[in-house]
Amino acid sequence: FPSNLPSFVRSLPPPPTEHAFRRAVLFMVSVGAPLCAGIWFGQPSGALLGCICGLLFSFADEEDPLWRRLRILAMAAAAIAVGGAAGLLLPGFPWPLWVLFALVTFATGYFQSIGKAATISARFCAMALLVTSSMPDFQLSELWYPAGALAVATLARIVDHLVCRLLLEK
């Protein structure tokens, strides 16, 4: 930056890279689609559940080949489903929940040596366990929002992969 600019302008971060912009769009789509659906159908609880899952699915991504991106997404979705189901079976924070939470957090630390996919999945499992244990009962219609968020995140990654590959070929 030129030295005659005010210091706050010089301290601004550089413009986003193509990668950062793509990731921002993927986050926006994965979180925004469940939000819009929840507003449209008048189910704010479902929208919240879908947005949280869409956000977590967005964090479970890498600049890897498509099959690896979809694998980490599937692992994250399975972990959220397992943690969420366990939390629903243990409502109100009973003592077995805390034992299970301790085991899952131990596994999260242990999985650091295995790789990012396993570590992220275990973290999401632990979060889903506690969140669903503390939440009131879900309506069956609200449980479609996480599934929809997963479908949107999957489709967004496939489109991202195809579009970026076409742009790189040019």
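**A first walk through an all-helix chain**

Hi everyone, let's start with the whole chain: of its 170 residues, 34% count as buried. Please keep in mind that this is a predicted model. The chain exposes about 10,400 Å², and 75% of that area is supplied by carbon and sulfur atoms.

What is the chain built from? Seven helices and zero strands, so if you read along the sequence you simply get α-α-α-α-α-α-α. As for how the chain folds back on itself, take the contacts with a separation of 6 or more: residues 24 or more positions apart account for 74% of them.

Now to the inside. The largest nonpolar core has 15 residues, and those touching the most other members are Cys-53, Phe-57, Ala-60, Ile-72, Ile-80, Ile-120 and Phe-124. Which helices supply at least two residues each to this core? They are α3 (44–59), α4 (66–89), α6 (116–134) and α7. The largest share, five residues, comes from α4.

Let me pick out one of those core members, Ile-72. Leaving out residues up to four places away in sequence, Ile-72 touches Ala-60, Asp-61, Ala-117, Ile-120 and Arg-157.

Next, helix α3. How far apart are its end C-alpha atoms? They are 23 Å apart, and this agrees with the expected span, because 16 residues at 1.5 Å a residue should cover 22 Å. The buried residues of α3 are Gly-46, Ala-47, Leu-49, Gly-50, Cys-51, Cys-53, Gly-54, Leu-56, Phe-57 and Ser-58.

From there we can hop over to Leu-150, which lies in helix α7 (residues 144–169). Along the chain, Leu-150 and Ser-58 are 92 residues apart, yet their C-alpha atoms are separated by 9.7 Å. Setting aside neighbours within four places in sequence, Leu-150 is in contact with Phe-57, Leu-73 and Ala-77. Is Leu-150 buried, partly exposed or exposed? Its relative accessible area is 27%, so it counts as partly exposed.

Finally, let's visit the outside. Phe-21, Val-25, Met-28 and Val-29 make a nonpolar surface patch of about 370 Å². One of these, Met-28, is found in helix α2 (residues 18–41). Why does Met-28 count as exposed? Because its relative accessible area is 57%, and the cut-off for exposed is over 50%. As a reminder when you look at any helix, an α-helix has 3.6 residues a turn, so residues three or four places apart point the same way.

That's the tour, thanks for listening!

Note on methods
Residues are numbered from 1 along each chain as its sequence is written. This is a predicted model: local features need pLDDT of at least 70, side-chain atom pairs count only at pLDDT 80 or more; totals for chains, interfaces and linings use all residues. Side-chain values use heavy atoms; hydrogens and water are left out. Patches are made of residues with over 30% relative accessible area and no salt bridge: like charges are joined within 9 Å, nonpolar side chains (Val, Leu, Ile, Met, Phe, Trp, Tyr) within 5 Å. Accessible areas come from the Shrake-Rupley method with a 1.4 Å probe; for residues, only the protein chains shown count as cover. A salt bridge is a side-chain nitrogen of Lys or Arg within 4 Å of a carboxyl oxygen of Asp or Glu. Helices (H or I, at least four residues) and strands (E, at least two) are DSSP runs, numbered from the N terminus. Buried means under 20% relative accessible area, exposed over 50%, partly exposed in between (1.4 Å probe, protein chains only). Contact means heavy atoms within 4.5 Å. A nonpolar core is a set of buried Ala, Val, Leu, Ile, Met, Phe, Trp, Tyr and Cys residues joined through side-chain atoms within 4.5 Å. The expected span of a helix is 1.5 Å times one less than its number of residues.
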